[in-house]
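Let's take a walk through a protein chain together. Keep the 3D view open and turn it as you read.

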Amino acid sequence: MNKPLRRIAIFCGLLVLTLLIRDNWLQYVQADELKEDEHNRRVAIERYASPRGDIIVDGKAITGHATTEGDFKYKRTYKDGAMWAPVTGYVSQAYGATQIEAIDDGILTGNDDRLFFRNTLDMITGRKREGGNVVTTLNSAAQKAAYDGLKKQGGKGAVVAIEPSTGKILSMASYPSYDPTSVAGSDDAAGEAWNKLQKKNNPDDPMLNRALREVYPPGSTFKVLTAAAALEHGLYDSADEKTDSPLPWTMPGTTTELPNEGDLPCENASLREALRVSCNTVFGKVGSDLGNDEMLETAKKFGFTEEQFVPVRSSASVFSDDMNRSQTALSAIGQYNTAATPLQMAMVTSAIANNGTLMKPYMVDELQAPNLDTIEKTDPEEMSKPLSADNAQILQDMMETVVEKGTGTNARIDGVTVGGKTGTAQHGVDNKENPYAWFISYAKGEDGSSPVAVAVVVEDENAVRDDISGGGLAAPIAKNVMEAVLESKK
């Protein structure tokens with residue numbers, strides 16, 4: 001071979017080698033990156049080429065599918081979409097996916113690695129790929145009671161209900177809400193719906209999951225945690241001993257007296273009486289006497305300061321670590337900068353109802369293959385022990401007094417033992433905004449166990465300020481949710 005031909009041959013060989021290297025780089029090194037690239041339309045087309053699996057509540061699908069024109073053959077549909085949106089999230093041909101739809105996307109589309117052998121068999125037999133199912137812990141009757149109650153109230157708000165013995169989430173409602181079906185497609189109608197739902201165009205922010213992502217001042221509902229701290233740290237040993245609580249009481253380091261909401265019998269009141277009528281002075285002084293460190297320790301045991309994953313992420317609830325005694329006093333009654341999600345306050349109530357043991361909250365019971373075989377099952381898991389069984393039972397007795405003859409009588413259920421605590425949380429500059437109405441509660445079955453613990457928060461910007469109370473606005477919703485769970489257990 002002459003010299004010019006040899007050079008050409010070497011050059012062509014180098015080109016072939018470069019091509020092979022580039023081809024292998026694309027197929028093996030960059031394969032996953034290209035597959036997941038949002039601009040790779042083939043991936044999107046494949047994603048919507050077959051129906052997704054379903055999200056299941058009480059054995060029935062709350063999701064479905066519809067055929068569409070164009071490259072994307074199927075789109076997601078939802079039954080009672082607005083009611084279930086805080087649970088499902090959405091999956092959209094144009095805007096991606098959120099919440100369960102996003103977290104368990106692999107199962108729902110059939111692309112999860114755990115379905116590899118089934119998918120391989122389907123490829124050999126020519127059978128179309130199918131998505132699996134996500135089975136939730138939700139109770140449809142409790143969810144309807146929660147959503148309908150919030151809707152009837154007409155403001156904004158959220159409800160979370162938990163089964164204390166397992167941590168199963170039975171209800172998670174947020175209002176106002178939206179129908180995920182409206183944004184599921186990629187046509188002009190989906191685009192218009194999307195734009196209308198954005199916060200800049202809709203101040204009510206219907207796509208915000210208030211049950212998990214909004215943190216509110218918990219107001220007087222936080223006093224049950226302060227009572228738990230007092231019992232756990234030995235400041236007081238029982239519900240009925242007198243507390244060292246002068247009236248009026250001036251916060252340490254200030255000349256400011258901490259006021260009660262009205263002329264209440266709070267001077268040296270017992271913890272039971274102070275919780276029954278909701279004494280700020282008693283629980284403010286308890287928090288101040290315990291100090292920031294001991295209050296923070298108890299709050300953390302209940303889940304404060306950390307995000308929760310159920311599996312959808314919940315914002316971290318706030319209790320500060322650098323407060324003086326006066327600030328700690330305000331935080332101990334659910335004010336200052338203390339803030340909690342509805343999920344967090346349901347967790348607090350759940351731990352008390354479960355005799356001091358806090359179970360990790362979750363709302364996905366199992367993942368199923370397309371043939372309904374179980375791929376993964378969630379086992380209940382203990383998260384912490386915020387208080388002893390003895391102290392939990394003392395606190396239960398106190399909360400039951402609140403419902404029997406205190407501020408929570410609107411939550412009474414005939415023939416059922418109910419414990420609860422109201423809260424009216426101030427907010428805004430100089431507390432000028434309408435307060436948030438809270439109610440936390442649990443119901444006991446005939447065997448003494450508690451099948452449900454509930455937290456309700458209501459924001460009503462249009463209500464008359466003096467008419468806003470946890471007992472008046474939030475307790476009736478909690479009652480309906482508890483009744484729905486109790487009825488479903490029969």
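**A tour of helices, sheets and odd spots**

Let's start with a pair of helices: H10 and helix H12 (residues 280-290) pack with their axes 10 Å apart, at an angle of about 45°. That angle makes H10 oblique to H12. If you look at how the two pass each other, the crossing of H10 and H12 is left-handed. On the H10 side, the residues that meet H12 are Lys 223, Thr 226, Ala 227, Ala 229 and Ala 230. Across from them, H12 brings Asn 280, Phe 283, Val 286, Gly 287 and Leu 290. Sort the residues of this contact by class and you get six nonpolar, three polar and one charged.

Before going on, a quick word about what you're looking at: this is a predicted model. The chain has a mean pLDDT of 90, and 90% of its residues reach 70 or more. Residues 461-468 are a stretch to treat with care, since there the pLDDT is below 50. In the model, this stretch still has 17 contacts beyond near neighbours in sequence.

Back to the helices. Which other helix does H10 pack against? Here it's H16. H10 covers residues 223-232 and H16 covers residues 389-405, and the two pack at an angle of about 140° with their axes 10 Å apart. That makes H10 oblique to H16. H10 passes H16 in a right-handed crossing, whereas the crossing of H10 and H12 is left-handed. To find the contact in your viewer, pick out Val 224, Ala 227, Ala 228, Leu 231 and Glu 232 in H10. They meet Asn 391, Ile 394, Leu 395, Met 398 and Met 399 in H16. By class, this contact of H10 with H16 has eight nonpolar residues, one polar and one charged. Did you spot Ala 227? That residue of H10 is listed in the contact with H16 and also in the contact with H12.

H16 has a further partner to show you, helix H15 (residues 342-353). The axes of H15 and H16 lie 8 Å apart, and the packing angle is about 110°. So these two helices are roughly perpendicular to each other. H15 takes part with Thr 349, Ile 352 and Ala 353, while H16 supplies Ala 392, Leu 395, Gln 396 and Met 399. Five of the residues in this contact are nonpolar, two are polar and none is charged. Leu 395 and Met 399 of H16 may look familiar: they meet H10 too.

Now for the strands. One open sheet is built from five strands in the order E2-E1-E7-E13-E14, and its pairing is mixed. Which strands sit at the edges? They are strand E2 (60-61) and strand E14 (374-377), and each pairs on one side only. Further in, strand E1 (residues 55-57) and strand E7 (residues 133-136) run parallel, joined by two bridges. You can find one of the partnerships by selecting Ile 55, whose bridge partner in E7 is Val 134.

There's another open sheet of five strands, this one in the order E9-E8-E18-E17-E16 and with antiparallel pairing. At its edges stand strand E9 (168-175) and strand E16 (417-425); each has a single partner strand, so one side of each is left without a neighbour in the sheet. On average, and ignoring direction, neighbouring strands here are turned by 10° against each other. Take E16 and follow it along strand E17 (residues 436-444): the two run antiparallel, and nine bridges join them. Val 418, for instance, has Ala 443 as its bridge partner in E17.

Finally, let's hunt for a few backbone oddities in the loops. Where can you find a cis peptide bond? Try the one from Leu 247 to Pro 248, with omega near 0°. Pro 248 belongs to the loop between H10 and helix H11 (271-277). The peptide bond from Val 310 to Pro 311 is cis as well, with omega near 5°. For Pro 311, go to the loop between strand E10 (308-309) and strand E11 (313-314). Your last stop is Ser 278, which isn't a glycine and yet has a positive phi of about 65°. Ser 278 sits in the loop between H11 and H12, and with H12 you're back at the helix pair that opened the tour.

Note on methods. Residues numbered from 1 in each chain as written. Predicted model: local features only at pLDDT ≥ 70, side-chain atom pairs only at ≥ 80, totals over all residues. Heavy atoms only, no water. pLDDT = per-residue confidence, 0-100. Contact = heavy atoms within 4.5 Å. Axes fitted to C-alpha atoms, helices over the stretch in contact; angles between N-to-C directions. Helix = DSSP H or I, 4+ residues; strand = E, 2+ residues; numbered from the N terminus. Parallel < 35°, antiparallel > 145°, perpendicular 65-115°, else oblique. Left-handed = near helix turned anticlockwise from the far one by under 90°. Nonpolar A, V, L, I, M, F, W, Y, C, P; charged D, E, K, R; others polar. Pairing = 2+ DSSP bridges.
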